[in-house]
Amino acid sequence: MPVIHLSRPGPELRKIVDAGDQFEGETLIGNNLSSDQIKRVLKGLTDRLEGRFSDVNDGVKNATKIADLTSWPASLEEATDFGDEMVQTLVDHYRQQLLEKELDP
């Protein structure tokens, strides 16, 4: 969990906190949120996002990182087998679609 956002607001939350009772030209009404309430909301949101995207470092989602050129090795010597597993994971996952389109994986 990004603990830093629990200890100090990020840029978007800072806009709301600094706006007082006005935000983007609208008057905000209701109770002021305490620091504890803000922390609970942020923790709940973070927990749900982590639960929803917990598999981002596994399987097909992880293999799509091959499209991120910044993850590529700097030299050919470092790239001897770079991406082989990621490409194989993608081919395995999309094998049926590739075969239906008459592409031999």
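The largest pocket of this predicted model holds about 410 Å³ of space. Its lining is formed by 14 residues, of which Ile16, Gly20, Leu28, Asn32 and Leu33 are the closest to the pocket centre. Two helices, α2 (11-19) and α3, each contribute at least two residues to the lining of the largest pocket. Sorted by class, that lining comprises 9 nonpolar, 4 polar and 1 charged residues.

Both helices also carry a residue whose surroundings can be described individually. Asp18 is located in helix α2. Asp18 is classed as exposed because its relative accessibility of 53% is over the 50% cut-off. The side chain of Asp18 takes part in a polar contact of 2.7 Å with the side chain of Arg14. With respect to Glu100, Asp18 is 82 residues away in sequence, and the C-alpha to C-alpha separation in space is 56 Å.

Thr46 belongs to helix α3, which covers residues 35-52. Is Thr46 buried or exposed? Thr46 is buried, because its relative accessible area of 15% is under the 20% cut-off. The side chain of Thr46 reaches the backbone oxygen of Leu42 at a distance of 2.8 Å.

Aromatic rings enter the description in two ways. A search of the whole structure yields 1 aromatic pair. In addition, Arg52 is positioned over the face of Phe53, with a distance of 5.3 Å to the ring centre.

The side-chain distances are collected below.

| Side chain | Partner | Distance |
|---|---|---|
| Asp18 | Arg14, side chain | 2.7 Å |
| Thr46 | Leu42, backbone oxygen | 2.8 Å |
| Arg52 | Phe53, ring centre | 5.3 Å |

Methods
Residues are numbered from 1 along each chain as its sequence is written. This is a predicted model: local features need pLDDT of at least 70, side-chain atom pairs count only at pLDDT 80 or more; totals for chains, interfaces and linings use all residues. Side-chain values use heavy atoms; hydrogens and water are left out. Helices (H or I, at least four residues) and strands (E, at least two) are DSSP runs, numbered from the N terminus. Buried means under 20% relative accessible area, exposed over 50%, partly exposed in between (1.4 Å probe, protein chains only). A polar contact is a pair of N or O atoms within 3.5 Å; within protein, one must be able to donate a hydrogen and the other to accept it, and residues adjacent in sequence count only if both atoms are side-chain atoms. On a 1 Å grid over the protein atoms alone, a cavity is a set of points where a 1.4 Å probe fits but cannot get out, and a pocket is an open set with protein on both sides within 12 Å along at least five of seven lines; lining residues have an atom within 4 Å of a point. Grid points are joined across faces, edges and corners, and a volume is the space filled by probe spheres set on the points. Ala, Val, Leu, Ile, Met, Phe, Trp, Tyr, Cys and Pro count as nonpolar, Asp, Glu, Lys and Arg as charged, and the others, Gly among them, as polar. Rings of Phe, Tyr and Trp (its six-membered ring) pair if their centres lie within 6.5 Å; planes under 30 degrees apart count as stacked, over 60 as edge-to-face and the rest as tilted. A charge sits over a ring if NZ of Lys or CZ of Arg is within 6 Å of the ring centre and within 35 degrees of the ring normal.
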